[in-house]
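Student: I would like a close look at a single part of this structure. Please take it slowly enough that I can follow along, then set it in the context of the rest.

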Amino acid sequence: MDAAQQEATARARELQRNWYGEPLGALFRKLIDDLGLNQARLAAALGLSAPMLSQLMSGQRAKIGNPAVVQRVQLLQELAAQVADGSVSAAEATDRMDEIKKSPGGSVLSNTTQTTSSSGAPTVKRVVREIQSLLRSVAAAGDIIDAADTLAPTHPELAEFLRVYGAGRTADAVAHYQSHQS
């Protein structure tokens, strides 16, 4: 790799860090390790071609162009965290990955057949995930934490909201949401 290619790769990885919180190579390797996948299975679960996944991992490409793929990445990250904390078994994770692979992506609140409980109301978890997805599409976790730290002295409730929904775990955000409902 010549100096120009190295510089372009470094620039792409820095953009990835800003957009996704870390370079995609590191993020995807964590998913591969945590979920027991190989690159081909991860690519299939995300709805990417194997060469595209490889280009994103190596820094030859900086951005995931398809919002549905970005959402699937977030869903797989949540699933990996649930596997790590033991709340989801390996067998359940395999079934959930199949569901994630089939998910159309986009705004989870826009598809009422996917987002509603039997009563017809959006589920708390779906609402929380939509808030998380929106915040995380606007800024990386580190930037959200920085913003929360800036707000904390004068607006502690807003700072807490940013930390919980912008950089926290879904379970904590669900608990926060439920504690603030009348």
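Student: In which helix is the place of Val124? Start there, and then work outwards through the rest of the fold.

Tutor: Val124 sits in helix α8. One caution before going on: this is a predicted model. Val124 counts as partly exposed, because its relative accessibility is 28% and the partly exposed class lies between 20% and 50%. Its partners lie far along the chain. Leaving aside neighbours within four places in sequence, Val124 is in contact with Val174, Tyr177 and Gln178. Take Val174. It is 50 residues from Val124 along the chain, yet their C-alpha atoms are separated by 6.7 Å.

That pairing has a wider setting. Among contacts in the protein between residues at least 6 apart in sequence, 57% join residues at least 24 apart. The secondary structure comes to eleven helices and zero strands. Of the 182 residues, 35% are buried.

Next, the pocket. The helix of Val124, α8, spans residues 124-138 and is one of the elements that give two or more residues to the lining of the largest pocket. This pocket has a volume of about 1100 Å³. It is lined by 44 residues, and the closest to its centre are Tyr20, Val73, Gln74, Gln77 and Arg136. Besides α8, the elements giving two or more residues are α1, α2, α5, α10 (156-167) and α11 (170-179). The biggest share comes from α5, with ten residues.

Two of those lining helices, α1 and α2, lead to the earlier part of the chain. Begin with Gln16, which is found in α1. Gln16 is buried, because its relative accessible area is 0%, and the limit for buried is under 20%. Its side chain reaches the backbone oxygen of Ala62 at 3.3 Å. Beyond residues up to four places away in sequence, Gln16 touches Gly21, Glu22, Pro23, Leu24, Gly25, Leu56, Arg61 and Ala62.

Leu24 and Gly25 bring us to α2, where both are buried. So are Leu27, Phe28, Leu31, Ile32 and Leu35. Down the axis of α2, these buried residues fall within an arc of 165 degrees, so they line one face of the helix. The spacing rule behind such faces is simple. An α-helix has 3.6 residues a turn, so residues three or four places apart point the same way. What covers the buried residues of α2 includes α1 (3-20), α3 (39-46), α4 (50-58), α5 (67-84) and α6 (90-102). The length of α2 can be checked too. Its twelve residues, 24-35, should span 16 Å at 1.5 Å a residue, and the end C-alpha atoms are 16 Å apart, which agrees. After α2 comes Gly36, with a positive phi near 65 degrees.

Then α3. Asn38 caps its N-terminal end, with a side-chain oxygen 3.1 Å from the backbone nitrogen of Ala40. Ala40 itself is in α3. It is partly exposed, with a relative accessible area of 49%. Ala40 and Pro51 are eleven residues apart along the chain, and their C-alpha atoms are separated by 9.3 Å. The buried residues of α3 are Leu42, Ala43, Ala45 and Leu46. Seen down the axis, they fall within an arc of 165 degrees, so they line one face of α3. Their cover includes α2, α4, α5 and α6. Just after α3, Gly47 takes a positive phi of about 85 degrees.

Finish with α6, which is among the elements covering both α2 and α3. It has 13 residues and reaches 19 Å from its first C-alpha to its last, close to the 18 Å expected at 1.5 Å a residue. Ala93, Met97 and Ile100 are buried in α6. They cover an arc of only 60 degrees around the axis, which puts them on the same side of the helix. On the other side of α6, Ala91, Glu99 and Lys102 are exposed. The buried residues of α6 pack against α2, α3 and α5.

To return to the starting point: Val124, in α8, is in contact with Val174, Tyr177 and Gln178, and α8 gives residues to the lining of the largest pocket.

Conventions: Residues numbered from 1 in each chain as written. Predicted model: local features only at pLDDT ≥ 70, side-chain atom pairs only at ≥ 80, totals over all residues. Heavy atoms only, no water. Helix = DSSP H or I, 4+ residues; strand = E, 2+ residues; numbered from the N terminus. Expected span 1.5 Å × (residues − 1). Buried < 20%, exposed > 50% of the residue type's maximum accessible area, 1.4 Å probe, protein only. Arc of directions from axis to C-beta. Contact = heavy atoms within 4.5 Å. Polar contact = N/O pair within 3.5 Å; in protein donor to acceptor, adjacent residues only side chain to side chain. 1 Å grid on protein atoms, 1.4 Å probe; cavity = no way out; pocket = protein on both sides within 12 Å on 5 of 7 lines; lining within 4 Å. Points joined across faces, edges and corners; volume = space filled by probe spheres on them.
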